[in-house]
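Here's a quick tour of one protein chain, beginning with a cysteine and working outwards from there. Keep the structure open as you read.

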Amino acid sequence: MRTLLLYCLLILAVPTMAQDSKSKVLPSDVQIKTAILPLSEEDKKGAKVYGYDPNGELTVLREGSNNLVCIADDPAKDGISVSCYYSKLDPFMARGRELSAQGKSVAEIREIRANEVASGELKMPGEPSMLYVYYGKSDDYNPQTGDLNNGKFRYVIYTPFATVESTGLPDKPHAPGMPWLMDPGTHRAHIMVGPFN
């Protein structure tokens, strides 16, 4: 009976232990190495990197010297996902993070930013702007080295207010890996490509 009780306690503890290991904030150098994985070798060194402090708060881990900004993996979320984007998208992205931290829903964030873009309070880049996403499973991630095996890429090109008519792109994919236009005609209009290895 005692053995059965210990076994049950161990089974209950395993998910908690796994969750705790994922929610642990990694050292800054590991966060930075993981955050810049989506970029080419020549772009990695100069990218600005946001990551997490020991309290789990988003902060700047490294200032940048080029036109790219990267976001480290959120330790509170399942899986591994990092992204890097053109620096002129930073006000738009930062506003989304700010509103999310205030507890706003996705729909509320979209509406607030749409109104702010329309009023001129929030500026969107006037040219196409790149976002790179690299993601994968926690089991394929090495938290000591910051390496992710079997990761996948997704590419997003923001083109505010672009439409199907102005680009010739479809509003949904009809073949694997093909580019398509999401949220056409809005401030969030963007070309999606992927995911693929």
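C84 is buried, with a relative accessible area of 0%. Keep in mind that this is a predicted model. C70 is buried too, and its relative accessible area is likewise given as 0%. These two cysteines are joined by a disulfide, with an S to S distance of 2.1 Å. A search through the whole structure turns up 1 disulfide. If you like handedness, the link of C70 and C84 is right-handed, with 105° about the S-S bond. What does the pair tie together? C70 sits in strand β3 and C84 in strand β4, so the disulfide ties together parts that are 14 residues apart in sequence.

Now for the strands themselves. β3 covers residues 68–71, and L68 and C70 point one way from it while V69 and I71 point the other way. All four of these residues are buried, whichever way they point. As a rule, side chains in a regular strand alternate between the two faces of the sheet.

β3 has pairings with both β1 and β4. I71 is a handy residue to click on here: its bridge partner is Y50 on the one hand and S83 in β4 on the other. Here are the two pairings side by side.

| Strand pair | Sense | Bridges | Bridge partners |
|---|---|---|---|
| β1 (residues 48–52) and β3 | parallel | 3 bridges | Y50 and I71 |
| β3 and β4 (residues 80–86) | antiparallel | 4 bridges | I71 and S83 |

While you're at β1, have a look at Y52, which is found in that strand. Is Y52 buried or exposed? Y52 is buried, with a relative accessible area of 12%, under the 20% cut-off for that label. Leaving aside neighbours within four places in sequence, Y52 is in contact with V25, Q31, E57, L58, T59, L61, A72, D73, D74 and P75. One of those contacts, V25, is 27 residues away from Y52 in sequence, yet their C-alpha atoms are 6.7 Å apart in space.

Over to a helix, then. α5 runs over residues 106–119, which makes 14 residues. From first C-alpha to last, α5 reaches 20 Å, close to the 20 Å expected at 1.5 Å a residue. Which residues of α5 are buried? They are I109, R113, E116 and V117. Seen down the axis of α5, these buried residues fall within an arc of 100°, so they line one face of the helix. That set packs against α4 (90–101). On the other side of α5 you'll find A107, E111, A118 and S119, which are exposed. Just after the helix comes G120, with a positive phi of about 90°.

Finally, zoom out to the whole chain. The protein chain has 6 helices and 10 strands. How much of it is buried? Of its 197 residues, 37% are buried. The accessible surface comes to about 11,700 Å², and carbon and sulfur atoms account for 56% of that. As for contacts between residues at least 6 apart in sequence, 50% join residues at least 24 apart. The contact of Y52 with V25 spans 27 residues in sequence, while the disulfide of C70 and C84 ties parts that are 14 residues apart.

Key: Residues numbered from 1 in each chain as written. Predicted model: local features only at pLDDT ≥ 70, side-chain atom pairs only at ≥ 80, totals over all residues. Heavy atoms only, no water. Helix = DSSP H or I, 4+ residues; strand = E, 2+ residues; numbered from the N terminus. Buried < 20%, exposed > 50% of the residue type's maximum accessible area, 1.4 Å probe, protein only. Contact = heavy atoms within 4.5 Å. Areas by Shrake-Rupley, 256 points an atom, 1.4 Å probe, with all protein chains shown as cover. Expected span 1.5 Å × (residues − 1). Arc of directions from axis to C-beta. Pairing = 2+ DSSP bridges. Disulfide = S-S within 2.5 Å.
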